[in-house]
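Biologist: I'd like to go through this one label by label. Can you justify each term you use?

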Amino acid sequence: MINDLFPTLAGIAGFECPPDVEGLDIYDAISSSSGISNRTFCWRTNRNLAARNGKWKIVHTDGTLDEGTDELFDLSTDPYEKTNVAAQ
């Protein structure tokens, strides 16, 4: 995802990246509930892991993969992540 930083900032500023620059402008994917359906974004903050693909976002909180809780959100109907649909 670090490869996407420069193209994203350039796009926000209204510039086009040269064709040899790696990465994509991901502004639309991270700023809207529609996202980019053919690309999965993964990140980690402190003890939380998350991934987003299209309208789906999964968050694993509090530590290792063996412990913690999982939350699944349908961002097309729940952009503020209020309803965990993991148990449905």
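**Labels and their cut-offs**

Biologist: Why is cysteine 17 called partly exposed?

Modeller: Cysteine 17 has a relative accessible area of 25%. Buried means under 20%, exposed means over 50%, and partly exposed is whatever falls in between (1.4 Å probe, protein chains only). Cysteine 17 is therefore partly exposed. Before we go on: this is a predicted model, where local features need pLDDT of at least 70 and side-chain atom pairs count only at pLDDT 80 or more, while totals for chains, interfaces and linings use all residues. Residues are numbered from 1 along each chain as its sequence is written, and side-chain values use heavy atoms, with hydrogens and water left out.

Biologist: What makes cysteine 42 exposed?

Modeller: Its relative accessible area is 51%, so cysteine 42 passes the mark for exposed.

Biologist: How many disulfides are there?

Modeller: Zero. A disulfide would take a pair of cysteine sulfur atoms within 2.5 Å.

Biologist: How many helices and strands does the chain have, and in what pattern?

Modeller: There are two helices and four strands, in the pattern α-α-β-β-β-β along the sequence. They are DSSP runs numbered from the N terminus: H or I over at least four residues for a helix, E over at least two for a strand. Of the 88 residues in the protein chain, 23% are buried.

Biologist: What makes strand 1 and strand 4 edge strands?

Modeller: The four strands form an open sheet in the order 1-2-3-4, with antiparallel pairing. Strand 1 (40-45) and strand 4 (69-74) each have a single partner strand, so one side of each is left without a neighbour in the sheet. On average, neighbouring strands here are turned by 15 degrees against each other, direction ignored (axes are lines fitted to C-alpha atoms, for helices over the stretch in contact, and angles run from 0 to 180 degrees between N-to-C directions).

Biologist: How do you know that strand 1 and strand 2 pair?

Modeller: Pairing needs at least two bridges found by DSSP. Strand 1 and strand 2 (residues 48-53) have six, in the antiparallel sense, so they count as paired. Among the partners, threonine 40 stands opposite asparagine 53, and phenylalanine 41 has arginine 52 as its bridge partner.

Biologist: What links those two strands?

Modeller: They form a hairpin with two residues between them, and asparagine 46 in the turn has a positive phi of about 50 degrees. Most residues other than glycine have a negative phi. Glutamate 81 is another non-glycine residue with a positive phi, about 55 degrees.

Biologist: How do you know that lysine 55 and aspartate 74 form a salt bridge?

Modeller: The term asks for a side-chain nitrogen of Lys or Arg within 4 Å of a carboxyl oxygen of Asp or Glu. Lysine 55 and aspartate 74 come to 3.5 Å, N to O, which means the pair qualifies. Lysine 55 lies in the loop between strand 2 and strand 3 (56-61) and aspartate 74 in strand 4, so the pair ties together parts that are 19 residues apart in sequence. Lysine 55 is partly exposed at 35%, whereas aspartate 74 is buried at 12%.

Biologist: How many salt bridges are counted, and what does glutamate 81 pair with?

Modeller: Two are counted. Glutamate 81 pairs with lysine 57, the closest N and O atoms being 2.8 Å apart. Glutamate 81 lies in the segment after strand 4 and lysine 57 in strand 3, so this pair ties together parts that are 24 residues apart in sequence. Lysine 57 is buried, with a relative accessible area of 14%, while glutamate 81 is partly exposed at 30%.

Biologist: What makes Ile2, Leu5, Leu9, Ile12 and Tyr27 a nonpolar patch?

Modeller: A patch takes residues with over 30% relative accessible area and no salt bridge; nonpolar side chains (Val, Leu, Ile, Met, Phe, Trp, Tyr) are joined within 5 Å, like charges within 9 Å. These five share about 540 Å² of accessible area (Shrake-Rupley, 1.4 Å probe, only the protein chains shown counting as cover for residues). Isoleucine 2 is at 68%, so it clears the area cut-off. Isoleucine 2 lies in the segment before helix 1, and helix 1 (residues 5-13) gives the most to the patch, with three residues.

Biologist: What about asparagine 3, and how far is it from valine 21?

Modeller: Asparagine 3 also sits in the segment before helix 1, partly exposed at 42%. Asparagine 3 and valine 21 are 18 residues apart in sequence and 8.5 Å apart in space, C-alpha to C-alpha.
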